[in-house]
Amino acid sequence: MTTVVRIRVLSVLAVALLWELLALSGAGADDFFPHLWTLAAAFGDVLTSDFAGDVGVTLFQLFWGASIGIVVGLVLGLLLATRPLVREIVEPLLVYLSTVPKIVLYPVFLLFLSVGTESKIAMAAFGAFFPVVLHTLGAVSDVRPVWLNAARLLHTSGGQRMRHVYIPAMAPTMFAGVRLGIATSIIGTVMAESKAADEGVGYRVIFYYSQYQIPQMYVVLLLVFVFSVLVAVGLDRLGRVLRLGGGHRTDREISL
Amino acid sequence: MNAPTDGAAGTAPALVIADVSKSFGDQTRRVPALGKVSLTVARGEFVSLIGPSGCGKSTLINIVAGLIDGYEGRVTVSGAPLDGPHPSIGMVFQDDSTFPWLSTLQNVEFGMRMAGVNATERRERAMEMLDLIGLRSFADRYPAQLSGGMRQRVALARALAMRPEILLMDEPFAALDEQTRMVLGEELLRLQEELQQTVVFVTHNLGEAVQLSDRVVAMTARPASIKAILEVDLPRPRDSSIVSSDRYGELVAHLWSLLREEAITAFNQRDAAQAGAVR
Amino acid sequence: MTTTTSAPPVSAGPGPAKVRAWPRTVGVSLTRIGIIVLAAALVELAVELRWATPLQVAPPSIVLPALWDGLTTGNYLSLLGTTLAEVGVAFLCAATVGTTLGYLLWRRPLFGRAYEPLLYALASSPIVLLYPVSLVMFGRTPVAVAVLGFVAGLFPVLISTYQAFRRLDDTYIKVAKVLRLTPGQSFLRVLLPAALPSVLVGLRLGLTLTMLTVIAMEYLANVGGVGAELSLAYLRLRSADMYAVLLLIISLSVTFLFLLNLTTRLVVKR
């Protein structure tokens with residue numbers, strides 16, 4: 001066992017021990033620091049309830065929302081990217097809008113769409129849209145002029161250069177945008193569900209919170225975190241398989 | 001493909017540059033980059049353009065490539081006037097121009113694929129090219145897995161695979177280390193014997209120009225015009241051992257005597273420009 | 001902002017483009033303002049023509065006076081004050097703790113290597129979703145909001161500080177050695193200035209994330225400043241107030257980014 005691994009194992013044990021000590025000491029009243037075995041039992045509680053149904057609802061909303069946001073973001077990004085003047089006008093508007101936390105638009109969606117699925121899909125779509133469109137715009141700088149010149153001297157048409165030079169050159173950064181967009185979508189969907197909904201994973205969190213079933217709430221949150229890490233790792237792998245790694249990151253790396 | 005077999009192309013010189021000049025900027029401030037330049041390149045000839053850096057020799061070769069327009073004068077390729085990138089002109093650039101998302105083989109095939117050459121023929125021709133430049137065993141590697149010199153060879157093979165009548169090379173070895181450029185120079189000599197390719201080669205390396213060329217065109221400082229044309233009477237076939245011959249040394253020395261003054265002028269121009277920029 | 005511009009295919013020499021540049025940027029800005037005005041007019045028209053009910057959209061002619069009212073009566077100012085106080089406290093803590101831990105991790109490379117993957121995972125994890133945990137531990141108070149903002153801002157600062165020191169050119173360390181600087185001197189005079197630009201990038205990221213998280217949690221949990229007010233206005237079905245607060249939040253974010261860009265430009269001038 002290398003020292004690094006040893007540090008990791010010991011750290012995990014130390015955190016678990018500290019948690020259990022807090023639980024035993026009764027700090028923070030009630031169930032703020034449930035015993036580890038209480039947590040394990042809560043795991044069973046959550047899984048035996050209709051949790052799968054909530055997961056299905058969330059995945060459905062996430063899938064459609066993220067897909068819409070990604071497609072619109074990519075198309076709009078490519079359209080703007082190839083029109084320098086329009087881009088110059090519109091890009092700052094998008095950049096500034098992207099710094100607004102998307103969840104504040106949720107009441108607007110609630111007024112226009114149903115409290116059910118549509119408003120969550122809108123949140124997920126908005127979350128995905130901004131990172132994708134901004135990364136696509138930023139990706140234009142990945143297209144090195146010498147590639148375009150080389151392609152012209154290999155007697156390509158404008159359309160061929162778009163398909164065979166611009167898009168492959170921009171793909172890694174666009175993919176980085178998609179990755180971030182999906183992450184933002186997850187956050188948006190779950191936040192929306194926790195604010196106003198009667199089903200979905202986010203609703204489940206807030207349900208347990210309002211019922212004061214804190215261990216169960218911890219378990220659901222833990223599952224959400226594990227899910228988002230798995231998605232991130234999975235997309236990373238996918239990017240490497242598709243040779244889409246190494247896109248440049250913008251300083252808009254995070255968004256909510 | 002554009003196999004130039006018609007009679008006119010057979011007799012006209014490969015490239016004629018007549019009174020070409022070019023300025024950059026707008027009405028308020030025009031910066032002349034290229035004075036009046038006239039030059040004729042014969043079929044199968046290897047011509048180098050050499051001059052101080054920033055003198056405008058790259059501008060000239062980019063005009064011939066069809067990448068810069070809005071120039072004065074006339075350029076004709078095989079007797080036909082130039083309008084945008086000419087189908088029988090290929091080019092190798094100073095910067096690495098290989099596409100990193102394509103393998104070596106796919107890079108070499110790229111132009112043929114875009115032209116609609118069928119898969120079997122383009123595979124065959126690309127492999128032929130890879131044999132020629134000695135990268136067959138690297139066919140499935142990606143540019144990121146190749147050295148800078150190898151990538152330039154891939155770019156060369158990609159241009160040659162289109163069977164261009166004229167190959168333009170814009171300081172193709174400038175970004176490489178001295179030993180790599182010696183090796184690539186020797187390889188270019190060998191290719192030249194084999195293909196009898198018409199080449200216009202831009203460089204700022206005196207030895208490279210003399211070693212490779214039939215004629216060396218020495219250019220003045222900005223705005224560039226032709227200062228003198230040096231016939232290189234070294235025997236062919238050549239290899240890198242030519243650099244130890246007396247005649248090679250004389251030619252390089254002569255070339256330097258032609259260029260020295262221009263290099264100093266260019267140096268002072270740059271100094272002045274930098275001082276201006278700082279101000 | 002690192003907005004990127006595409007270079008022209010062939011360098012066009014030292015072409016002085018100063019003369020035409022001025023009217024062009026003005027034109028671009030005017031068009032941009034035009035788009036915003038047009039959008040506002042469209043909203044106004046939509047309500048006028050009953051494409052949307054007044055409950056769904058309050059027209060700008062009502063929202064703008066409501067915003068002005070809110071600002072002049074001081075109501076919105078106190079909400080902004082609460083939000084900014086939460087952001088400020090959270091960010092100061094995140095900056096202090098984050099830079100210190102980042103530096104320590106670099107000094108103890110074994111721990112750095114052990115924790116690196118975990119830190120990256122945490123930095124890209126949906127911290128804001130932990131808001132109920134913060135509510136459980138700190139009650140429905142601005143403190144709970146600030147704590148979550150702190151956690152959200154901490155990881156970007158920590159990671160970029162760690163990376164800033166780790167990616168320091170070895171030459172700097174060698175120079176410090178050759179000049180026989182004391183450890184203190186070499187840190188203050190060489191390492192810190194060399195690492196500073198990357199640390200600043202992390203601080204910027206952390207501050208942005210802190211602010212986003214604070215506003216989001218205020219809205220989600222009905223606690224604190226502007227975000228909570230948005231939630232309340234929606235629940236009371238007062239669309240004019242709701243859009244006024246929404247506009248306030250957008251203005252806050254926009255001003256915030258503007259100031260951030262300005263300071264970045266001033267600080268990273270070298």
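**Exercise 1.** Place C:Thr208 in its helix and decide whether C:Thr208 is buried or exposed.

*Solution.*
Step 1. C:Thr208 sits in helix H8 of chain C, residues 183-221, where helices are DSSP runs of H or I with at least four residues, numbered from the N terminus.
Step 2. C:Thr208 counts as buried because its relative accessibility is 16%; buried means under 20% relative accessible area, exposed over 50%, partly exposed in between (1.4 Å probe, protein chains only).
Step 3. Leaving aside residues up to four places away in sequence, C:Thr208 touches C:Phe256 and C:Leu260 (contact: heavy atoms within 4.5 Å).

The model is predicted: local features need pLDDT of at least 70, side-chain atom pairs count only at pLDDT 80 or more, and totals for chains, interfaces and linings use all residues. Residues are numbered from 1 along each chain as written, chains are lettered from A in the order written, and side-chain values use heavy atoms, without hydrogens and water.

**Exercise 2.** Describe the interface of chain C and chain A.

*Solution.*
Step 1. Contacts join 63 residues of chain C to 55 residues of chain A.
Step 2. About 5,500 Å² is buried between the two chains, 75% of it from carbon and sulfur atoms (the accessible area, 1.4 Å probe, that two parts lose on being put together, summed over both).
Step 3. On the side of chain C that touches chain A, the elements giving two or more residues include helix H1 (18-48), H8 and helix H10 (239-267).
Step 4. H10(C) gives the most to this side, with 10 residues.
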